[in-house]
Amino acid sequence: MRVEEVNRCQINNWYPKFKGVSFETIIQELPESFVDYLNDSGPFILPASSVDQDALPNRVHNPYDEDDFQVAEGSEDEAEYVAPPSFPELEQAIKKSIDSLGGAVIPKLNWSVPKDTAWISSTGTLKCTSFSEIALLLKSSDSLVHDLSHAYDSCTDKTSTRPSTFFLALRKWYRSLRPEMEFRCFVRCHNLVGISQREVTGFYPALIEKKDDIRASIHRFFLENIKSKFESEAYAFDVYVKSNGHVKLVDFNPWGGSTIPLLFDWEELENITSNEENMTVDFRIIESQCTVRPGLKTAVPFDYLDTSEGSGWDDFLRKADVQLQQQTKFPEAVA
Ligand SMILES: Nc1ncnc2c1ncn2[C@@H]1O[C@H](COP(=O)(O)OP(=O)(O)OP(=O)(O)O)[C@@H](O)[C@H]1O
């Protein structure tokens, strides 16, 4: 994979060209001071807000506001007080963008949404209505470490660990997106070679009967809107299919690297032969309750959920089994 291919998948690069077929988005450059704040692994402190002090979710408290946290002047603790950072200009710009996007947004850095942080917000979703909520999700996210310092890890020609500029994309919040209508599409040699259900932790029987229609809608969307406009030869893109069959572009991802192939694996995607525009694209969905996959957005490490042969759990259970057998054979050795 090359740096230019990864760069094309940054929302600040692709959105201007594809805004007509994607979710409404406002993108702003992030000041380096805010990037430093996100990168800082010191104590977790939310920025001081000049506007929306009351907007913080209840579960998150700012200890500096609490009476019993006040320190006596001259006491030892006084020296440890760290003033919360503040970003008044960024905050104002974000407030303006949120207002013009209808009052609620989902935030995204150059490549990623802080998907692992929904649990922390008071709504249990990534919907944000204020700078404080956005700062909370961005600062708490492990997913964003990829954008901040690992985006080029799989590149053969990388010269840096990060892009020269970070952007914050605020995307209009759509509350009624149905997870089963999101799909990841794989393109190789400029041809659509595979489509996978994106939410692989659930079985949605209704998808089975709609499969052919969805495949046709996505293929048409690709030919009309993506194929000749996205420069990379191999890449993935995510779409949302509305109930009327209209397709919306969610985002682009590089081919391989940290992009999850969902119901495919990269080797088989590499081997699908395709050069026909009207070929039947390999479209995979979860076809029964038995084939659902473990969740990837739960903030629980994948290793913890993966019980397949050779996984960490499998290894642990084998060792436990051996120990149990030894204990049964030589009980005195355990006592
Ligand atoms: N405008 C929106 N309104 C509501 N939910 C959204 C919106 N945009 C995206 N989402 C939800 O957030 C999820 C992640 O979005 P997105 O694909 O942009 O993030 P990402 O970090 O690039 O994910 P991945 O790395 O898996 O591609 C989507 O699958 C969708 O469920």
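A residue is taken as near the ligand if one of its heavy atoms lies within 4 Å of it. In this predicted model, 18 residues stand around the ligand, and K108, K172, E182, R198 and D251 come nearest among them.

**Composition of the shell**

By class, the shell around the ligand comprises eight nonpolar, two polar and eight charged residues. Both domains take part, since at least three residues of the shell are drawn from each of domain 1 (3–50 + 86–172) and domain 2 (179–284).

**Polar contacts to the ligand**

Side chains that place an N or O atom by an oxygen atom of the ligand include those in the following table.

| Residue | Ligand atom | Distance |
|---|---|---|
| K108 | oxygen | 2.7 Å |
| K115 | oxygen | 2.8 Å |
| R184 | oxygen | 2.9 Å |

Taken alone, the ligand exposes 620 Å², of which the protein buries 88%. The elements that contribute two or more residues to the shell are β2 (105–108), β4 (182–188) and β7 (247–254), and β7 gives the most, with three residues.

**Confidence of the model**

The pLDDT averages 85 over the chain, and 77% of the residues score at least 70. Over residues 54–61, however, the pLDDT is below 50, although the model has twelve contacts for this stretch beyond near neighbours in sequence. Residues 297–302 likewise stay under 50 in pLDDT, and for them the model has seven contacts beyond four places in sequence. For the model as a whole, the scores are ipTM 0.97 and pTM 0.80.

Terms used. Residues are numbered from 1 along each chain as its sequence is written. This is a predicted model: local features need pLDDT of at least 70, side-chain atom pairs count only at pLDDT 80 or more; totals for chains, interfaces and linings use all residues. Side-chain values use heavy atoms; hydrogens and water are left out. A polar contact is a pair of N or O atoms within 3.5 Å; within protein, one must be able to donate a hydrogen and the other to accept it, and residues adjacent in sequence count only if both atoms are side-chain atoms. Accessible areas come from the Shrake-Rupley method with a 1.4 Å probe; for residues, only the protein chains shown count as cover. Helices (H or I, at least four residues) and strands (E, at least two) are DSSP runs, numbered from the N terminus. Ala, Val, Leu, Ile, Met, Phe, Trp, Tyr, Cys and Pro count as nonpolar, Asp, Glu, Lys and Arg as charged, and the others, Gly among them, as polar. Domain bounds come from an automatic or database domain assignment. pLDDT is the predictor's confidence in each residue, from 0 to 100. Contact means heavy atoms within 4.5 Å.
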